[in-house]
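User: Could you take me through one part of this model in detail? I'd like to see how a single strand fits into its surroundings.

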Amino acid sequence: MAARASRNFFREALYRKANFKAFGASRHLSSVAETTPKIPQPSKKGRLLTGATIGLLIAGGAYVSTADEATFCGWLFSATKLVNPLFAFLDPEVAHRLAVSAAARGLVPKEKRPDPSILGLEVWGRKISNPIGLAAGFDKNAEAVEGLLGLGFGFVEVGSVTPVPQEGNPKPRIFRLPQEGAIINRCGFNSEGIVAVAKRLGAQHGKRKLAEISSTSISSNDEVQPGGKAGPGILGVNLGKNKTSEDAAADYVQGVHTLSQYADYLVINVSSPNTPGLRKLQGRKQLKDLIKKVQAARDEMQWGEEGPPPLLVKIAPDLSKEDLEDIAAVALTLRLDGLIISNTTISRPDPVSKNPVAEESGGLSGKPLFNLSTNILKEMYLLTRGKIPLIGCGGISSGEDAYKKIRAGATLVQLYTAFAYEGPILLPQMKAELAQCLERDGFKSASEAVGADYR
């Protein structure tokens, strides 16, 4: 019985993959082709990898019939190591679109194994199984929330979402620096707009509500339930402003009114280097006025027992000591729910500065950003005296990196660039390594290690 069910599962997976290629991919890629230069065909190595991957999938049909669920899950994640290198043959933005489409259609592994218990924590009244999240910028339009949470992220942040659809900056606008493990982008808030995103999140929210109703008979109402409004992890919605907008506050308020009902937390993004004038909103007076208006818009809405979603601000790493002091003061005065530290940098630290691609304008992400963003994180943790949850973001590519961010003051951490390079296999590896780091140093939970460098 188990063997037959496994074989049926695998045939269904192959059918879904074939169906996607025949109907979804052709329609989607035709629209991409209109605005993207023709991409050269993969080399012989790429074709060999493709053939090897298909063979591996076929072999998996026999393997799954004799393997337990956890073992097969691990095999699927490991198999992505063969598929992921194929994306390097594609234009970065085309590769990105394909990755999002694959996650949206369930063509990525789904984590069935429980996370190490030491990684579990509670934040903003939500219980999540691990502190590792996916940063905004990957799923800009909330197309793949279910698939991405299914990979095993503790939380996923979508956006940045602008009120009105906009194409962003001209292409090409994403540049790889593989030797440095970095990316430069100048996308400029390319977004389908809040209406399209609200429709997708509304559908996802409805599915989650149905699942909650079906499980009420076996759950206690007195317990903090795991997950959030979109699934097993929690969902953040990152809000941006339109490039041509003259009233930034009105843009963020519109985003709050339309999307906050679907979010476990909201983010005011005032730190992208690719929207003219945006970073000026990080000034003390400008930031204070902006947060007040957004908080008022959120609080005037009708909320149930859970109350309104927490409000965070995402800041840049290119800030002076005085800038950080101002932001910390505003955050404490207005009782902000959290800060994300940090966005991409306009600087070009070594070894990136020696790469010709470094001359491209835009924000730098990836490994070279780690030290800069972590130093800003440390400063902000001390300035806020550990009273505000911080999300550490920038240059994380291993469990050890995540651990360093947590010790520096981060309650949660986010990755993006390393995930783009390494693929899904990175996530279980990071969780295992982070758990080892915590156990090695005698911590009983990830929460215990937050800010440990200052105790």
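Which residues on the faces of β13 are buried?

Analyst: Happy to take a close look, keeping in mind that this is a predicted model. On one side of β13, Leu412 and Gln414 are buried, and on the other side Val413 and Leu415 are buried too, so that both faces of the strand are covered. That arrangement fits a general pattern: in a regular strand, side chains alternate between the two faces of the sheet.

Now for the strands beside it. β13 covers residues 412-415 and runs parallel to β12, residues 390-393, with 3 bridges joining the two. One of the residues involved is Cys393, whose bridge partner in β13 is Gln414. β3 also runs parallel to β13, and 3 bridges join this pair as well. Here Leu134 stands opposite Leu415 of β13. To get from β12 to β13, the chain passes through helix α11 (residues 399-407), making a right-handed β-α-β crossover.

Stepping back, these strands belong to a barrel that 8 strands close with parallel pairing, in the order β3-β4-β7-β8-β9-β10-β12-β13. Between neighbouring strands of this sheet, the average turn is 25°, ignoring direction.

Finally, there is a helix to add to the picture: α13, residues 426-440, lies across both β3 (132-134) and β13. The helix runs at about 155° to β3.

Methods: Residues numbered from 1 in each chain as written. Predicted model: local features only at pLDDT ≥ 70, side-chain atom pairs only at ≥ 80, totals over all residues. Heavy atoms only, no water. Pairing = 2+ DSSP bridges. Helix = DSSP H or I, 4+ residues; strand = E, 2+ residues; numbered from the N terminus. Axes fitted to C-alpha atoms, helices over the stretch in contact; angles between N-to-C directions. Contact = heavy atoms within 4.5 Å. Buried < 20%, exposed > 50% of the residue type's maximum accessible area, 1.4 Å probe, protein only. Right-handed = clockwise from strand over helix to strand, strands pointing away.
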